[in-house]
Amino acid sequence: MKSYVFLPKYFKAELPSKFQKDDNRFPEAYVEYFLKKYTKKGDKVLDIFAGLGTTLFVAEKMGRIPFGVEIVEKRYQYIKDRLENKENIIHGDALKLLEYNIPKCDFCFGSPPFMMKDDPENPFTAYQEEGSYQQYLKDFQTIFSQLKEVMKPNSIIAVDVANLKNERGEVTTLAWDVGKSLSKVLHFLGEIIIIWDSRESKTVDGRSEPWRIEGTFGYGYDHNYCLLYQNK
Ligand SMILES: C[S@@+](CC[C@H](N)C(=O)[O-])C[C@H]1O[C@@H](n2cnc3c(N)ncnc32)[C@H](O)[C@@H]1O
């Protein structure tokens, strides 16, 4: 498998207007690429940061069985309304993963909420409570230690992250920090760099991505990292 891939950054699914200001999805093509590589029909695919459901919808469309957890009620409800496997989306907190009756899954794919190193809010409370970057990195270990119990032995866990650059040019090395933090609880296989291909991408202007830095497709960068871990 190549250690980089070019993917178009555009969204097939239209969102209702109430979500357009808070569109934090990744493109369907990203999910399709990894589901093709790592899963087969009938596999159980889990996203513990379900967001607006991209992983679940693509998984269902590809004949996999989707499962997800989402903390924000209106996003959970949006997914539930549109998913065939309605009972498989849980309104809950990834920090309490073992409280939910999720069956053993074959593959996990998702993108956590991001945090700049000096941000005051805790992303794992949907930015509703105070937090710190150090606590955020520890919470990853709490969440993914529980995830180990939910996933089948030796299954693959893929985590989408990015380094972040703000308007002042200050960088948070989130991708590398999360990578190191998770390596303490999971076996790190390596990263795939996702290059948002401007030749094929539709402009994201007007999509209200509040974090977007002018001239880039992401958080100050044109690439993300898909960190791959194995449950062993
Ligand atoms: C980057 S978004 C994921 C977007 C998703 N990949 C998509 O394409 O729709 C991260 C999501 O994680 C959710 N989240 C944050 N903290 C959480 C927690 N403790 N448990 C479960 N979900 C959480 C956020 O509400 C947000 O919807």
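This section describes the ligand site, the strand pairing and several individual residues of a predicted model.

The ligand is surrounded by 22 residues, and the closest of these are Leu52, Thr54, Glu70, Arg75 and Ala94. By residue class, the shell around the ligand comprises twelve nonpolar, six polar and four charged residues. Nitrogen atoms of the ligand approach polar atoms of the protein at Asp93, Pro123 and Phe124. At Asp93, an N or O atom of the side chain is 2.8 Å from a ligand nitrogen. At Phe124, the contact is made by a polar backbone atom, with a separation of 3.0 Å from a nitrogen atom of the ligand. At Pro123, a backbone N or O atom is placed 3.5 Å from a ligand nitrogen. The ligand taken alone exposes 610 Å², of which the protein buries 97%.

Phe124 also takes part in a contact within the protein: its backbone nitrogen is 2.9 Å from a polar side-chain atom of Asn122. Asn122 belongs to strand S6, which spans residues 121-122. With a relative accessible area of 12%, Asn122 falls under the 20% limit and is therefore classed as buried. Phe124 is thus described by two contacts, one from its backbone to a nitrogen atom of the ligand and one from its backbone nitrogen to the side chain of Asn122.

Strand S2 (residues 44-47) is paired with two other strands, S3 and S5. Its pairing with S3 (residues 65-70) is parallel and consists of four bridges. Within this pair, Val45 is located opposite Pro66 of S3. The pairing of S2 with S5 (residues 105-110) is likewise parallel, and here two bridges are found. Leu46 of the S2–S5 pair faces Cys108 in S5. Helix H2 (residues 54-61), together with S2 and S3, forms a β-α-β unit of right-handed sense. Thr54, one of the residues closest to the ligand, lies within the residue range of H2, and Glu70, another of the closest residues, lies within that of S3.

Two residues in the loop between S6 and S7 have unusual backbone torsions. Most residues other than glycine have a negative phi. Ala126, however, has a positive phi of about 55 degrees and is not a glycine. The phi of Tyr127 is also positive, at about 65 degrees, and this residue is not a glycine either. Ala126 is situated in the loop that links S6 to strand S7 (129-130), and Tyr127 is placed in the loop between S6 and S7 as well. The relative accessibility of Ala126 is 22%, so this residue counts as partly exposed, a class that lies between the limits of 20% and 50%. Tyr127, with a relative accessible area of 38%, is also partly exposed.

Two further sites differ in their exposure. Ser155, in strand S8 (residues 151-161), has a relative accessibility of 6% and is accordingly buried. The side chain of Ser155 makes a contact of 2.6 Å with the backbone oxygen of Lys152. Glu99, by contrast, is part of the loop between strand S4 (89-91) and S5. Because its relative accessibility of 61% is over the 50% limit, Glu99 counts as exposed. Between the C-alpha atoms of Glu99 and Trp176 the distance is 29 Å, and the two residues are 77 positions apart in sequence.

Notes. Residues numbered from 1 in each chain as written. Predicted model: local features only at pLDDT ≥ 70, side-chain atom pairs only at ≥ 80, totals over all residues. Heavy atoms only, no water. Near = heavy atom within 4 Å. Polar contact = N/O pair within 3.5 Å; in protein donor to acceptor, adjacent residues only side chain to side chain. Areas by Shrake-Rupley, 256 points an atom, 1.4 Å probe, with all protein chains shown as cover. Nonpolar A, V, L, I, M, F, W, Y, C, P; charged D, E, K, R; others polar. Pairing = 2+ DSSP bridges. Right-handed = clockwise from strand over helix to strand, strands pointing away. Buried < 20%, exposed > 50% of the residue type's maximum accessible area, 1.4 Å probe, protein only.
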